[in-house]
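Work through the exercises below with the sequence and the model open side by side. Each task is followed by a solution that goes step by step.

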Amino acid sequence: MKHPREYRGLEVIVLGLARSGVAAAKLFHQKGAIVTVNDKKERSACPEADELEALGISVVCGFHPDTLVHAGVALVVKNPGIPYSVEPIRQALELGIEVITEVEVAYQFCEAPIIGITGSNGKTTTTTLIGLMLDQAGLSPVVAGNIGRALTEAAPEVTADNWMVVELSSFQLKGTTSFRPKIAMLLNLYETHLDYHGTMDDYIASKAKIFANQTEADTAILNWDDAVCRALIPTLRAQVLPFSMIETLDHGVYFESESEMLVYANGQGQIRPIMRASEMGMPGSFNVENALAAAAAALTAGVQPSVIADVLRSFRGVEHRLELVRELEGVTFYNNSKATNSAAAIKSIEAFDQQVVLIAGGLDRGSDYMELLPTFRDRIKGVVTMGQTREKITHIAELAGISRLETVDTAKDAADAVIQAVQLAWQMCEPGDIVLLSPACASWDMFPSYEDRGRMFKESVHNL
């Protein structure tokens, strides 16, 4: 796309009145574009509409008008979650109108070097860690994107003296054309969001766009242990810095199993220990993996290993990501509502040596959940299921030979369902057990978001 100032006097359509859409609409309006914002939600569900109209921006709510997209439109900026199959986007593509997400818009303004983080799991924790590491090193990071502030809102405010640390989804990256992070990171790739992407190939290609415009002056950080990530390496122009939980790397950041140290090898024979994994403030091997990735980015940005270690010792995790809720009569409750796919659920279960009573289930995206079977067989004491996938996950538990099985009454509203799930899980426990909310599913069948699901869980646990 062109710089937003070049759209002065041209018609720009913004689809979606979420945080990123509002920020993009304001930005193009400030640069003199003729902006129309469209959201299929009813006007009563679009509280931002009044503010935008007061600025002189046209807002259409409740439907997508047939005449919204036409040959005179110069650009369509879409909310990342809106699928490409919706009529306005389909029309735009047929007319040859560029369709982008706000990440592309923000990039045109951003003077700071960008660290972009994507992957199926671990993005928010890794992004948060990188922000903390750079902050403690005095590098003035601004954290935005799929976490915190909209990127379009934050990007115009930063200078070359800052670092922009950006969490990026496949939805956001799919709509980019020239976006180029100085440091780009791909944490892992698992089968997820196929209801949006249609195929795994499209999902992988969308994630890989984070590297598309990098040059030899940039750094690409990848998970050496993930075969799909590793297969991308021959296509990259950037300098590759891998991280690994299982291999000793000549150049990269890795976990040394014998000493249990996080280690950096600079590629010139120098090995720099960072810290012991046992000193970290977060439980779970997957958090060691997140720490390796964050350390790789921080080291590339110039942060010293001692600063990285200080952050990893003090950081206790992000809300809804293996979050300790409370201990009650010897039973410990953890909220991992962000586990919206099987891979994330498996990693959280495997973080514990104790017996786990699992609360799982949610939106049905068509998976059979067979990948859960080995972990269920080896690690799970009892399962409470809820949501659209309750029968599928119960079936996996039965195949695993788990006898303690309960299903939440689906007639209950979301809050009552969570209360019942917590009570049923609690009744299965003995002192020393873990109750873990790790749904392996998105939340949208019963809850507005995974955050709401996690907060209801925490409230129910505290009310026991």
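**Exercise 1.** In this predicted model, determine which residues of strand β10 lie on each side of the strand, and whether the two faces are covered or open.

*Solution.* Begin with the faces: T219, I221 and N223 point to one side, A220 and L222 to the other, and all of them are buried, which leaves both faces of β10 covered. Next, compare this with the strand as a whole, residues 219-223, where five of five residues are buried. Then turn to the strands that pair with β10. Strand β9 (residues 183-186) pairs with β10 in the parallel sense over four bridges, and within this pairing M185 stands opposite I221. Strand β11 (residues 239-244) also runs parallel to β10, joined to it by five bridges, and here P242 is the residue opposite L222.

**Exercise 2.** Describe the surroundings of T101, stating where it is placed, whether it is buried or exposed, and which backbone oxygen its side chain reaches.

*Solution.* First, locate the residue: T101 sits in the loop between β5 (98-100) and α4 (102-109). Second, consider its accessibility, which is 0% in relative terms, so T101 counts as buried, the cut-off being under 20%. Third, list the contacts: leaving aside residues up to four places away in sequence, T101 touches V77, K78, P80, F171, Q172, G175 and T176. Finally, Q172 appears again in a polar role, as the side chain of T101 reaches the backbone oxygen of Q172 at 2.7 Å.

**Exercise 3.** Establish the strand order of the six-stranded open sheet that contains β15 and β19, and find which helix packs on it.

*Solution.* Reading across the sheet, the order is β15-β16-β20-β17-β18-β19, with mixed pairing. The edges are held by β15 (323-328) and β19 (404-407), and since each has a single partner strand, one side of each is left without a neighbour in the sheet. Neighbouring strands of this sheet are turned against each other by 15° on average, direction ignored. Inside the sheet, β17 (residues 356-360) and β20 (residues 434-437) run parallel and are joined by four bridges, with L436 of β20 as the bridge partner of L358. The helix sought is α16 (residues 414-427), which touches β15, β16 (331-335), β17, β18 (380-385), β19 and β20, and whose direction makes about 160° with that of β17.

**Exercise 4.** Characterise the aromatic pair of Y7 and F28 and that of F333 and W426, and state how many aromatic pairs are counted in total.

*Solution.* A pair of aromatic rings is described by the distance of the centres and the angle of the planes. The count comes to four aromatic pairs. For Y7 and F28, the centres are 5.7 Å apart and the planes make 80°, an edge-to-face arrangement. This pair links distant parts of the chain, with Y7 in the segment before β1 (11-15) and F28 in helix α1 (residues 19-30), 21 residues apart. Both Y7 and F28 are buried. For F333 and W426, the values are 6.0 Å centre to centre and 35° between the planes, which is a tilted arrangement. F333 lies in strand β16 and W426 in helix α16, so the pair ties together parts 93 residues apart in sequence. Their accessibilities can then be set side by side: F333 is buried at 0%, whereas W426 is partly exposed at 23%.

**Exercise 5.** Identify the ring over which the charged end of K2 sits, and the residue over whose face K338 lies.

*Solution.* The charged end of K2 sits over the ring of Y7, 4.8 Å from its centre. K338, in turn, lies over the face of Y450, at 5.4 Å from the ring centre.

Technical notes:
Residues are numbered from 1 along each chain as its sequence is written. This is a predicted model: local features need pLDDT of at least 70, side-chain atom pairs count only at pLDDT 80 or more; totals for chains, interfaces and linings use all residues. Side-chain values use heavy atoms; hydrogens and water are left out. Two strands pair if DSSP finds at least two bridges between them. Axes are lines fitted to C-alpha atoms, for helices over the stretch in contact, and angles run from 0 to 180 degrees between N-to-C directions. Contact means heavy atoms within 4.5 Å. Buried means under 20% relative accessible area, exposed over 50%, partly exposed in between (1.4 Å probe, protein chains only). A polar contact is a pair of N or O atoms within 3.5 Å; within protein, one must be able to donate a hydrogen and the other to accept it, and residues adjacent in sequence count only if both atoms are side-chain atoms. Rings of Phe, Tyr and Trp (its six-membered ring) pair if their centres lie within 6.5 Å; planes under 30 degrees apart count as stacked, over 60 as edge-to-face and the rest as tilted. A charge sits over a ring if NZ of Lys or CZ of Arg is within 6 Å of the ring centre and within 35 degrees of the ring normal.
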